[in-house]
Amino acid sequence: MAGKGRGRIRKRSDGKWMLYLPTAVCDDTHFPFTRNEQVKVTLQEDKSLRVESFTKFDDCPNCHGQGELQETDIRGVAEYKCKCGEEWRK
Ligand SMILES: [Zn+2]
């Protein structure tokens, strides 16, 4: 598990901030996010950042088990997959 690397924070000309994450961290099997996933970012008391998923799981429309988030497209549509094989978007 790598879990560490050098990233970069940039402010674009349109005023938005971008946080670039190291490939060594994102390609790690323990990296908890999917491509294009929207995340919740919170500034902590100790000046660190906390980054969390909004919705990682969703109820399966087929077996009512727990589907896991596979990917979120650029429009914010999330793709879930369940152990029963069911796949859905929302
Ligand atoms: Zn299912």
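**Hairpins and positive phi values**

Asn-36 sits in the loop that links helix H1 (23-26) to strand S3. In this predicted model, phi of Asn-36 is near 65°, a positive value in a residue other than glycine. From there, the tour below follows three hairpins: S3 with S4, S5 with S6, and S6 with S7.

**The loop before S3**

- Asn-36 has 13 other C-beta atoms within 10 Å, so this residue counts as partly exposed; the buried class would need 20 or more.

**The S3 and S4 hairpin**

- Strand S3 covers residues 39-43, and S4 covers residues 49-53; the two pair in the antiparallel sense over 5 bridges.
- To find your place in the ladder, start at Val-39, whose bridge partner in S4 is Ser-53.
- The hairpin leaves 5 residues between S3 and S4, and in this turn Lys-47 has a positive phi of about 70°.
- How many of the 5 residues of S3 are buried? The number is 0, so the strand lies largely in the open.
- As background for looking at any of these strands, side chains in a regular strand alternate between the two faces of the sheet.

**The S5 and S6 hairpin**

- S5 (residues 57-59) and S6 (residues 66-72) run antiparallel and are joined by 3 bridges.
- A handy landmark here is Asp-58, which stands opposite Gly-67 in S6.
- Between S5 and S6 there are 6 residues, and the turn includes His-64.
- His-64, in the loop between S5 and S6, has a positive phi of about 60° although it is not a glycine.
- Is His-64 buried or exposed? With 10 other C-beta atoms within 10 Å, His-64 is exposed, since the cut-off for that class is 12 or fewer.

**The S6 and S7 hairpin**

- S6 also pairs with S7 (residues 78-81), and 4 bridges join these antiparallel strands.
- Within this pairing, Glu-68 has Lys-81 in S7 as its bridge partner.
- The hairpin has 5 residues between its strands, and here Gly-76 takes a positive phi near 90°.

**Putting the pieces together**

- S6 takes part in two hairpins, with S5 on one side of the chain order and S7 on the other.
- Each of the three hairpins offers a residue with positive phi to look for: Lys-47 between S3 and S4, His-64 between S5 and S6, and Gly-76 between S6 and S7.
- Asn-36, in the loop between H1 and S3, is partly exposed, whereas His-64 is exposed.

Conventions:
Residues numbered from 1 in each chain as written. Predicted model: local features only at pLDDT ≥ 70, side-chain atom pairs only at ≥ 80, totals over all residues. Pairing = 2+ DSSP bridges.
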